[in-house]
Amino acid sequence: MSNINKAFEKGKAFIGFLTAGDPNLTTTKECIYAMEKAGADLIEIGIPFSDPIAEGVVIQSANLRALKANTSLNKIFKTVKEIRKNTQIPIVFLTYLNPVFNYGYENFFKTCKETGVDGIIFPDMPFEEKEEVKDIADKYDIDIISLIAPTSDNRIKMIAKNAKGYIYVVSSMGVTGIRNEITTDVDSIIKTIRTSTSIPCAVGFGINTPEQAKHFASISDGVIVGSAIVKIIEKYGQNSPEYVYNYVKEMKDSIR
């Protein structure tokens, strides 16, 4: 059984996202510990990339800050290895195909396994092109997390049937970022997914208030929050772990 399953064993899951190396990898590590202490059930770690097409301005800026701080994949793997000395919280990388291709698929997934990464999200990899990395990921027991968007339509059941770990349900069209209002009929998307799989569904993109978290957790298995956490880190820098803890605790309490 995948380590990811632990995130959904105790009720509604809170999944927190941050960009590795923003403002530095020591702060990244401390923010992950703070999120877990505050009740987070799974951590998504963004690998900084110069062209993150799925990201809004908040996470784009975090990527640039991390790259400016000379954050590399090797340094991130080393940080995850250090994190694993203190916690077994499920960890999922969010990255684009280009950095992984350059690192080498075999080398990348092998190192994920060795350092304790449980899954990976490729926002720029269409479902139909999954075979390019699927066999290697399976060889090292790394779950490729499927995304289902409002535009998936008649592909929802097909994607859901082949999902592993959890399904990332994209709540809104466009790029990541804080949204005051989310009007997508997420409930219908999840009901369609449920006809094909029992894999947990977590809703992300735009969620940033306790009220939004409570609503989307009520119709799914958990919520994913990224931009709001990244904004806190942008504001407080190396002092952000305390503020990240307070925010995540409030959000987790709202979905218990």
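A residue is called buried here when its relative accessible area is under 20%, and exposed when that value is over 50%. With these cut-offs in hand, the predicted model can be read from one residue outward. T95, which sits in the loop between β3 and α4, has a relative accessibility of 0% and therefore counts as buried. Once its neighbours within four places in sequence are set aside, T95 is in contact with I47, V100, I120, I121, F122, P123 and D124.

The two elements that flank this loop also appear in the surroundings of helix α3, which runs over residues 73-83 and in which L73, I76, F77, T79, V80 and I83 are buried. These buried residues cover an arc of only 160 degrees around the helix axis, so they fall on the same side of α3. The spacing has a general background: an α-helix has 3.6 residues a turn, so residues three or four places apart point the same way. On the other side of α3, by contrast, N74, K78 and K81 are exposed. The partners of the buried side are both helices and strands, for its residues pack against α1 (25-38), β2 (42-46), β3 (91-94), α4 (97-103) and α5 (105-115).

A further residue to consider is K191, which has its place in helix α8, residues 186-194. Because its relative accessibility is 53%, and the cut-off for exposed is over 50%, K191 counts as exposed. From K191 to I219 there are 28 residues along the sequence, while the C-alpha atoms of the two are 9.0 Å apart in space.

These local views can now be set within the whole chain, whose secondary structure comprises eleven helices and nine strands. Of contacts between residues at least 6 apart in sequence, 73% join residues that are at least 24 apart. The overall dimensions can be checked against a simple expectation: for 256 residues a compact globule would have a radius of gyration near 18 Å, and the 17 Å found for the protein agrees with this. Along the principal axes, the C-alpha trace spans about 45 × 40 × 30 Å.

Of the 256 residues, 58% count as buried. The area that the protein exposes comes to about 11,300 Å², of which carbon and sulfur atoms supply 49%. As for charge, the protein carries 30 positive and 31 negative side chains, and the centres of these two sets lie 4 Å apart.

Methods: Residues numbered from 1 in each chain as written. Predicted model: local features only at pLDDT ≥ 70, side-chain atom pairs only at ≥ 80, totals over all residues. Heavy atoms only, no water. Helix = DSSP H or I, 4+ residues; strand = E, 2+ residues; numbered from the N terminus. Rg over C-alpha atoms; globule rule 2.2 N^0.38 Å. Buried < 20%, exposed > 50% of the residue type's maximum accessible area, 1.4 Å probe, protein only. Contact = heavy atoms within 4.5 Å. Areas by Shrake-Rupley, 256 points an atom, 1.4 Å probe, with all protein chains shown as cover. Lys, Arg positive; Asp, Glu negative; His and termini not counted. Charge placed at Lys NZ, Arg CZ, Asp CG, Glu CD. Arc of directions from axis to C-beta.
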